[in-house]
Amino acid sequence: METQKPITSLPGVGKVRAEALARLGIETTGDLLRHFPRAYQHRGNVTPIASAEHGQICSTMLTIGTHPHTARLRGRMTLTKVTAFDESARCTLSFFNQEYLGNVFKVGQTYRFWGKVEHRGTSITLTSPQWEVCREDRQLPEFVAVYPLTAGITGKMLSEMLVGVLSNPEIQNIHDPIPERVREKYDLLPLAQALRDIHAPCDYAVLDRARRRFIFEELYLFCLAAQQDNARPAAEKVQKISAVSLAPLFDKIGFTLTQAQQRVIAEISGDMTGDRPMMRLLSGDVGSGKTVVAAAAAYLALRSGYQVAIMAPTEILATQHAAYFTPLFEELGYRTHLLTGALTPKQKEAVRHACREGELDVVVGTHALLTDDTVFANLGLVVTDELHRFGVRQKAVLAEKTEGAHVLYMSATPIPRTMAHIMYGSLDISQIDQMPVGRQRVDTFAVNENYRQRLLAFVAKQVEDGRQVYVVCPSVEDKEDFAEDDGSTVPMDFRGHAPPQLPLRSAVGYAAELQQHFPDYTVAFVHGKMKSEEKDTVMRRFYAGEVDILVSTTVIEVGVNVPNATLMIVENAERFGLSQLHQLRGRVGRGDAKSYCVLVSDVQADSPAHARLNVLCNNYDGYAIAEQDLAQRGPGDFFAVSGGMGLGERQHGSATLRFAGMCDDVTLLEQAVEAAKETVLS
């Protein structure tokens, strides 16, 4: 089946509708097929109308009892009413501006309605419900898909287009990225069947089998890409590093290294003095001392006459690194400079000239290090901080600026070793699994909405004491109140038929609420949909103490160090994985003042979600928390795009990971890894 046909090849899709679909990323028939539902309305679970509670959104089977009547309202509006009934009671159906329904509903005909039930005294009303006619020649679907939408595109439009494409006999010939032998070995649905079942499942079992197929597909392709992207290059040349004493560096640092830091430095030293280029991932908790380890690696390269490049994902983080490395290395006799987009063209050229001529020993920078006109005289070591924030090609460009350079990637995300090997392929892995003495613990509490006023008072106390506050929300903006978004849907990631998710707080909306509540404080927000310059500006203001309360999505999970921030509040904490919550907690407690983390959630006290939050309240070891996360929820949280891990397109150049975050089965991941290895070797 040709999946690259333009979407305008479908009936009823003209220029205007095509432009609207393009906003959803749908430009071809293949894009349409992979515009997956985000949830489902379980309309097959029919409720007698008299049994439905006030405000309940449910499915009911009602027979039309009277002819529809339409009344004219002010402003050219119309109201169409019709009476319907089932065996339990009668009900009034009301529809605004749908006068045509007077010719649709027939007395004695039965329909399935989906909407919010309202009790007004002894009467029962359904306002603007969705409806489907019941016919003997076809069975109504158990589930109705709910899709991400945009202005001008309705769920009904998408469903009709998908029915047309999925009913095309040529769908059977669609290219399947999973080889047939792999599908047979691991009992996976063919792509055509999986597409039909994911868009129109008839029950939970069918939906789960389709989900399993797409979860496996993403993990399989991810693992294939990981093995290729992180493949170790042939060691035709290596920048030979001499084994030297690190004592002069440690004397300048002025504190005793932990045993974990000493172990990791020994591993890095062994790599750099070996006969092939180092390609090592250094992971460790926030505050575990990764920067000192990077300084040791840099010192080894500098002592052997090589230059060092240190790349960070943002200007503020690069500036932070430069503030640490510059005085340290200049005291040791090495020239250091910062190279970012904020420099003037003249300043950039001066730094690049010094690089080319070998007049600079250490260059700390952002993506500015990747440009063609940034050339090094003798680059021996590349350090990339927060590697998940860079794409594969971006990381490779810097290492390719000189053949045989050693490469050290750093990540502040504690990852179980098994997951690290899967996610980062053939990289050697070092883990700093010990915190320095004196690193304070951030007191952590799980509370519900009943504590809101006390929490706001605590925010005020922190600000009045001259401190700053983070508030993290899972959503960027409040969603419009469509029936599709009312919490009555079954999420795609239902994980054993989980109950509907709690309403979300949004960063933009809650920032406005807090500013109104605290008119004398400075409240700002930052989220991933903002431009990089906008985000950097807000973070720079927070870093400078110009913002009292920063409301954010998880974009602040890693990065800037603000010692003055003493309170981290996470709204809808049940929406985050334990490892992610631990990362967020690590944003505070970086100064001398006592710091706190408050996890806000209205999940039931006896629920598994509440038990998970309590794990964080009683545990401060990032690796132990990550292992518990893996054991309790499977590997999905390590792949979830919204989880801040930064995988998907940024990490391995593959499509965004839409399903992998739903994986709650370690065995499925292991099977995908095994299948990828078999494919590479075959």
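## A tour from helix α14 outward

Begin by selecting Gln 453, Arg 454 and Glu 464, the exposed residues carried by the face of α14 that is turned away from its buried side. Keep in mind throughout that this is a predicted model.

Next, select the whole of helix α14, residues 452-464. At 1.5 Å a residue, its 13 residues should span 18 Å, and the C-alpha atoms at its ends are 18 Å apart, which agrees. Now colour the buried residues of this helix, which are Arg 452, Leu 455, Leu 456, Val 459, Ala 460, Gln 462 and Val 463. Around the axis they cover an arc of only 160°, which puts them on the same side of α14. It helps to recall that an α-helix has 3.6 residues a turn, so residues three or four places apart point the same way.

What covers this buried side? Among the elements that cover the buried residues of α14 are the strands β18 (468-472), β21 (549-552), β22 (565-570) and β23 (596-600), together with helix α15 (507-517). Before leaving the helix, step past it to Gly 466, which follows α14 and has a positive phi, near 90°.

From β22, move on to Asn 572, which lies in the loop between β22 and α17 (578-585). Asn 572 is not a glycine, yet its phi is positive, about 50°. Most residues other than glycine have a negative phi. Is Asn 572 buried or exposed? Its relative accessible area is 8%, and because buried means under 20%, Asn 572 counts as buried.

A second asparagine can be selected for its backbone: Asn 97, also not a glycine, has a positive phi of about 55°. Asn 97 is found in the loop between β5 (90-96) and β6 (110-120), and with a relative accessible area of 46% it is partly exposed.

Asn 97 leads to Thr 78, since these two residues are listed as touching. Thr 78 is placed in strand β4, residues 78-85, and at 5% relative accessibility it counts as buried. Setting aside residues up to four places away in sequence, Thr 78 touches Thr 70, Ala 71, Arg 72 and Leu 73, and also Phe 95, Phe 96, Asn 97, Gln 98 and Glu 99.

For the last stop, select Leu 224 in helix α6, residues 204-229, a residue that counts as buried at 14% relative accessibility. Which residues does Leu 224 contact, leaving aside its neighbours within four places in sequence? They are Ala 676, Thr 679 and Val 680. Leu 224 and Thr 679 are 455 residues apart along the chain, and their C-alpha atoms are separated by 8.1 Å.

Terms used
Residues are numbered from 1 along each chain as its sequence is written. This is a predicted model: local features need pLDDT of at least 70, side-chain atom pairs count only at pLDDT 80 or more; totals for chains, interfaces and linings use all residues. Side-chain values use heavy atoms; hydrogens and water are left out. Helices (H or I, at least four residues) and strands (E, at least two) are DSSP runs, numbered from the N terminus. The expected span of a helix is 1.5 Å times one less than its number of residues. Buried means under 20% relative accessible area, exposed over 50%, partly exposed in between (1.4 Å probe, protein chains only). The arc is that of the directions from the helix axis to the C-beta atoms. Contact means heavy atoms within 4.5 Å.
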